[in-house]
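Reader: I am in my first year and still learning to read a fold. Could you take me slowly through one part of this structure, and then show me what lies around it?

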Amino acid sequence: MTVIVTGGAGFIGSNFIFYMLKKHPDYRIVCLDKLTYAGNLSTLKSVMDNPNFRFVKLDICDRAGVYALFEEEKPDMVVNFAAESHVDRSIEDPGVFLQTNVIGTGVMLDAARKYGVKRYHQVSTDEVYGDLPLDRPDLFFTEETPIHTSSPYSSSKAGADLLVMAYYRTFGLPVTISRCSNNYGPYHFPEKLIPLMIANCLNDKPLPVYGEGLNVRDWLYVEDHCKAIDLILHKGRVGEVYNVGGHNEMKNIDIVKLICHELGKSEDLITHVTDRKGHDMRYAIDPTKIHNELGWLPETTFKDGIKKTIKWYLENRDWWEEIISGEYQNYYDKMYSNR
Ligand code: NAD
Ligand code: DAU
């Protein structure tokens with residue numbers, strides 16, 4: 001079984017590669033990644049010498065390059081993680097989001113169709129459903145919730161999902177889609193809430209909470225997401241969407257306070273800054289379908305997962321310090337100074 005994994009040098013894709021190589025030692029995993037600012041080859045160093053693993057630096061928008069890789073590898077399955085993934089960057093510069101997330105997905109679908117892959121899996125997001133109000137804790141996103149996006153990022157991911165479903169209906173391509181809530185864990189790029197707050201705390205820098213910090217996200221440990229994708233790939237029904245989430249809703253401000261507490265830092269580091277434009281209030285996944293159909297349940301509680309994550313950032317300072325010392329500083333200054 002050969003599986004092409006796009007975006008495998010990023011946060012979730014790399015964790016998925018580690019998971020798959022361990023779970024299916026007889027599978028060949030081919031990682032295709034452009035190595036944008038978010039992709040990091042050092043993340044994959046533990047698997048580089050694994051004979052069942054191959055890394056290829058490639059843009060999913062490069063049709064000729066993608067077709068050549070499919071011709072050579074003849075993949076059985078494709079898992080498309082590759083994307084521009086940060087909402088704040090999509091507000092600054094939407095163009096690259098349309099290019100990679102929509103056009104790139106189109107190229108991957110064409111390649112999957114041309115080379116007859118047995119399963120194409122699209123890694124989507126709960127953000128395609130928009131947001132839920134804070135005063136209706138009874139509401140959750142189901143697979144039937146209408147697409148109703150807020151940011152250029154979520155709109156580009158929704159566009160990709162629609163294209164995936166069109167390839168199923170029109171061409172009979174055997175597709176599945178997963179829509180997961182917020183992930184956290186090792187190798188999470190430090191522009192995102194949890195790793196940003198851990199890194200800033202450890203460096204005694206201000207902790208920039210958007211607005212009042214009352215927005216709610218539904219956090220899932222990354223390995224639980226990887227397990228869900230593996231299950232969907234092997235047992236999910238083609239043409240279906242599966243929501244993935246562990247009923248773990250938390251306010252941003254509570255997460256930041258918890259990180260301060262775990263690291264023994266003062267909450268005085270918290271600084272409230274101008275809110276994100278179009279900021280979604282609450283995400284909350286109803287995972288009934290994946291539970292009932294595939295038996296998936298999250299295994300890591302937030303209490304354990306956040307401790308493991310903080311420990312990982314403490315033990316892997318080289319990984320994130322290298323990232324935040326380079327080009328990232330310009331990004332950080334642009335996004336946060338005078339905010
Ligand atoms: P990430 O930003 O950490 O990694 C993205 C990876 O894609 C990087 O390695 C990057 O180099 C690569 N990439 C970007 N553009 C590319 C291109 N044109 N061609 C090839 N490679 C390219 O992202 P992540 O947080 O790991 O998210 C992975 C996927 O999961 C995305 O599709 C995202 O929408 C989805 N998702 C993320 C979350 C989350 O909480 N992080 C939750 C649900 C869904
Ligand atoms: O829900 C799934 C989505 O989760 C994925 O599709 C996205 O790829 C992923 O980036 C994530 O999106 P969010 O916008 O929810 O994640 P982020 O870490 O950027 O922000 C989480 C919350 O924290 C959000 O309400 C904004 C807030 N925030 C974020 C940052 C970076 C802050 O208050 N301060 C910050 O500095």
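Author:
**Strand 8 and its surroundings**

In this predicted model, strand 8 is covered on both of its faces, for Leu-207 and Val-209 are buried on one side while Pro-208 and Tyr-210 are buried on the other. Strand 8 is joined by four bridges to strand 13 (residues 270-273), and the two run parallel; within this pairing, Leu-207 has Ile-270 as its bridge partner.

If you step back along the chain from strand 8, you come to the loop between helix 6 and strand 8, which is where Asp-204 is placed. Asp-204 deserves a pause, since its phi is positive, about 50°, although it is not a glycine. Most residues other than glycine have a negative phi.

Helix 6, on the far side of that loop, has a neighbour of its own in helix 10 (residues 302-315), and the axes of the two come within 11 Å and cross at roughly 50°. An angle of this kind is neither under 35 degrees nor within 65 to 115, and helix 6 and helix 10 are therefore oblique to each other. The crossing in which helix 6 passes helix 10 is right-handed. At the meeting place, helix 6 contributes Ile-194, Pro-195, Ile-198 and Leu-202, and helix 10 contributes Ile-306, Thr-309, Ile-310, Tyr-313 and Leu-314.

Strand 8 and helix 6 also appear together in another setting, because both are included in what covers the buried residues of helix 12, along with helix 3 (87-92) and helix 11 (317-325). The buried residues of helix 12 (residues 328-336) are Tyr-328, Tyr-331, Tyr-332, Met-335 and Tyr-336. Looking down the axis of helix 12, you would find these buried residues within an arc of 100°, so they line one face of the helix. Just after helix 12 comes Asn-338, which takes a positive phi of about 60°.

From here we can turn to the open sheet, which has seven strands in the order 3-2-1-4-5-6-11, with parallel pairing. Strand 3 (53-57) and strand 11 (240-244) stand at its edges with a single partner strand each, so one side of each has no neighbour in the sheet. From one strand to the next, the twist averages 20°.

At the edge formed by strand 11, five bridges join that strand to strand 6 (residues 175-180), the two running parallel, and Ser-178 stands opposite Tyr-242 in strand 11. Helix 2 (residues 63-73) packs on the sheet as well, where it touches strand 1, strand 2, strand 3 and strand 4, and its direction makes about 170° with that of strand 2. Helix 1 (residues 11-23) lies across strand 1 (2-6), strand 2 (28-33), strand 3 and strand 4 (77-80), and runs at about 170° to strand 2.

Ser-178 leads on to His-225, since Ser-178 is among the residues that His-225 touches, together with Ile-12, Val-123, Cys-180, Asn-183 and Leu-220, when residues up to four places away in sequence are not counted. His-225 lies in helix 7 (residues 222-235) and is buried, with a relative accessible area of 2%.

A second histidine, His-247, is placed in the loop between strand 11 and strand 12 (249-251). His-247 counts as partly exposed at 48% relative accessibility, and its phi is positive, about 55°, although it is not a glycine.

Terms used:
Residues are numbered from 1 along each chain as its sequence is written. Chains are lettered from A and ligands numbered from 1 in the order in which they are written. This is a predicted model: local features need pLDDT of at least 70, side-chain atom pairs count only at pLDDT 80 or more; totals for chains, interfaces and linings use all residues. Side-chain values use heavy atoms; hydrogens and water are left out. Buried means under 20% relative accessible area, exposed over 50%, partly exposed in between (1.4 Å probe, protein chains only). The arc is that of the directions from the helix axis to the C-beta atoms. Contact means heavy atoms within 4.5 Å. Two strands pair if DSSP finds at least two bridges between them. Axes are lines fitted to C-alpha atoms, for helices over the stretch in contact, and angles run from 0 to 180 degrees between N-to-C directions. Angles under 35 degrees count as roughly parallel, over 145 as roughly antiparallel, 65 to 115 as roughly perpendicular and the rest as oblique. A crossing is left-handed if the near helix is turned anticlockwise from the far one by less than a right angle, and right-handed if clockwise.
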